[in-house]
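Thanks for coming. I will take a few minutes to walk through one structure, and you can follow along on the screen.

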Amino acid sequence: GSAYLTGSTYSTGFPLAQPMRTQPEPGDNVFVTKLSPAGSALVYSTYVASGRAFAIAVDHDGYAYITGDTQSDSFPLVNPTQASLASAPDAFVAKLNRAGNALLFGTYLGGSSHEVGYGIDVDGAGHVYVTGATWSTDFPTTAPSQHTDGNYPDALLAEIRLPTTTIDNTLVDGLTGQPIRNSAGVLTIYRDVTPIETTAFKTDALGRFGVTFSGPISGGLRLGYSQIAGYPTQFEDRRPTVDEADTRLLREGTNAFTTRLLPATSLTNTLLDDLTGWPIAGLSGTLTVYSGTTSLETQPFTTDVNGSFRTTFTRLISQSVHLEYAGLTGYPRQYFDRVGALSQAAVVRLVSGENGFAARLVPSAKLVDTLLDDATGLPLASTSGHVMVYDGATVLDEQPFTTDADIVLDPSLLTE
């Protein structure tokens, strides 16, 4: 398996990979590094905070737990059991997420004098055990085996039971209102733009699934739903609003709510030749969807004998867009709107779910030309050049050409 390291560094050039912090504090800085199983690469490596770390433990899910001491009054706190520095230094306890780019738990641990954490472990239930030393006469105790301090320093032993957050979610199709039943997917939790947790799930016959995190996972977060068959990646904002602050926040304990997901945007399209009205059958090309001048997605296609193709987009597209058809033999790149007009300004409305319509495409203009010498009237055989098409003084197109060698001479022009 992977190796996990912790300690302290003064270096401003400490090797980093996917860090939660890119710059150190002055003086000692706690670091955590995870190496690949072969030891040849950094999976993650990060500064954590000002202080010194002396021990690390890793649970069966890949979460790292560290302890040490810190003199900083700005140690990063997440759901702390002690929210302020009692003295300098205090011991600290912290838990990193599996990606190493965020803290799920961070707390001070100490009294009015000096504390340091020297050892840490975690059991299968996620309970954290810390050992170390204290010089405080008022070190916080609960059900202690020794009620008063002895000679300085005293050993300390603390158990911290991290609270949990359970998400009890029901997924519903945003168009039909029906549960999204028996479907697998991936739930990613973001704090701002940073992914802090990712877990797989599968809904039951009622569209429900439940996942539990230790830490806990709380506050204003965004939830990302992905890899659900028939549904593109979508996000749910659980950050508080003025009128829904209490209902949107994730909290310690069980959080039950319903999420509506829009199905993927699918398009069944029939391509017709604008001059003949016949289906454009058996041709391959690409369909690109634009919002303004921004390309949203490109999908390849091949039409069937009826000139039709069907494609499903990998992202949610539910807006007014331009459709661009390209790569079709005999048809130049062109754009489409609902009434068949061809213009770069044309706009079509796609909606989540099924969309179906026909598009008329104008075939390429072809020019068959014979070039003659103006003086002799003879064909200009095996001659290369360029032909340009103008609209006024504007060049619309330019194409190279080479004339063929098929020349029939008038015998009267031959001389001995």
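I will start with one residue, glutamate 354, which is exposed, with a relative accessible area of 53%. One thing to keep in mind throughout is that this is a predicted model.

What does the side chain of glutamate 354 meet in a salt bridge? The partner is arginine 310, and the N to O distance is 2.4 Å. This pair links distant parts of the chain, with glutamate 354 in strand β25, residues 353-361, and arginine 310 in strand β21, residues 308-312. The two are 44 residues apart.

How many salt bridges does the structure hold? There are nine. I will show two others.

One is between arginine 98 and glutamate 197, whose side chains meet at 3.1 Å, N to O. Arginine 98 sits in the loop between β6 and β7, while glutamate 197 belongs to strand β13, residues 194-202, so this salt bridge ties together parts that are 99 residues apart in sequence. Are these two residues buried or exposed? Arginine 98 counts as partly exposed, at 30% relative accessibility. Glutamate 197 is buried, with a relative accessible area of 2%.

The other joins glutamate 159 and arginine 161, with 3.0 Å from N to O. Here glutamate 159 is partly exposed, at a relative accessible area of 40%, and arginine 161 counts as exposed, at 58%. As background, side chains of opposite charge can pair when their charged atoms come close.

Now to the sheet that has β6 and β7 in it. Four strands form an open sheet, in the order β4-β5-β6-β7, and the pairing is antiparallel. Why do β4 and β7 each have one side without a neighbour in the sheet? Both stand at the edges, β7 being residues 103-109, and each has a single partner strand, so one side of each is left free of a neighbour there. On average, neighbouring strands of this sheet are turned by 15 degrees against each other, direction ignored.

Let me go across this sheet pair by pair. Strand β4, residues 52-58, pairs with β5 in the antiparallel sense over six bridges. Within that pairing, isoleucine 56 stands opposite isoleucine 66 in β5. The hairpin of β4 and β5 has five residues between the strands, and glycine 62 there takes a positive phi near 95 degrees.

Moving on, β5 pairs with strand β6, residues 90-96, again in the antiparallel sense, over seven bridges. The bridge partner of aspartate 69 is alanine 91 in β6. Then β6 and β7 pair in the antiparallel sense over six bridges, and valine 93 stands opposite threonine 107 in β7.

How many of the residues of strand β5, residues 64-70, are buried? Seven of its seven are, so to speak of the strand as mostly covered is fair, given that buried means under 20% relative accessible area. In a regular strand the side chains alternate between the two faces of the sheet. In β5 both faces are covered: Ala64, Ile66, Gly68 and Thr70 are buried on one side, and Tyr65, Thr67 and Asp69 are buried on the other.

The next stop is strand β22, residues 320-326, where histidine 322 is found. Six of the seven residues of β22 are buried, so the strand is largely enclosed by the rest of the structure. Histidine 322 itself is buried, with a relative accessible area of 13%.

Which strands does β22 pair with? Five bridges join β22 to strand β19, residues 284-291, and the two run antiparallel. In that pairing, tyrosine 290 stands opposite histidine 322. The C-alpha atoms of histidine 322 and serine 291 are separated by 6.4 Å, although these residues are 31 apart along the chain. β22 also pairs with strand β23, residues 334-336, in the antiparallel sense over three bridges. There, glutamate 324 stands opposite tyrosine 335 in β23.

Last, the surface. Which residues form a nonpolar patch there? They are Met388, Tyr390 and Val395, with about 270 Å² of accessible area together. Valine 395 is found in strand β27, residues 394-402, and counts as partly exposed at 41% relative accessibility.

That is the end of the tour.

Terms used: Residues numbered from 1 in each chain as written. Predicted model: local features only at pLDDT ≥ 70, side-chain atom pairs only at ≥ 80, totals over all residues. Heavy atoms only, no water. Buried < 20%, exposed > 50% of the residue type's maximum accessible area, 1.4 Å probe, protein only. Pairing = 2+ DSSP bridges. Patch = residues over 30% accessible without salt bridge, like charges linked within 9 Å, V, L, I, M, F, W, Y side chains within 5 Å. Areas by Shrake-Rupley, 256 points an atom, 1.4 Å probe, with all protein chains shown as cover. Salt bridge = Lys/Arg side-chain N within 4 Å of Asp/Glu carboxyl O. Axes fitted to C-alpha atoms, helices over the stretch in contact; angles between N-to-C directions.
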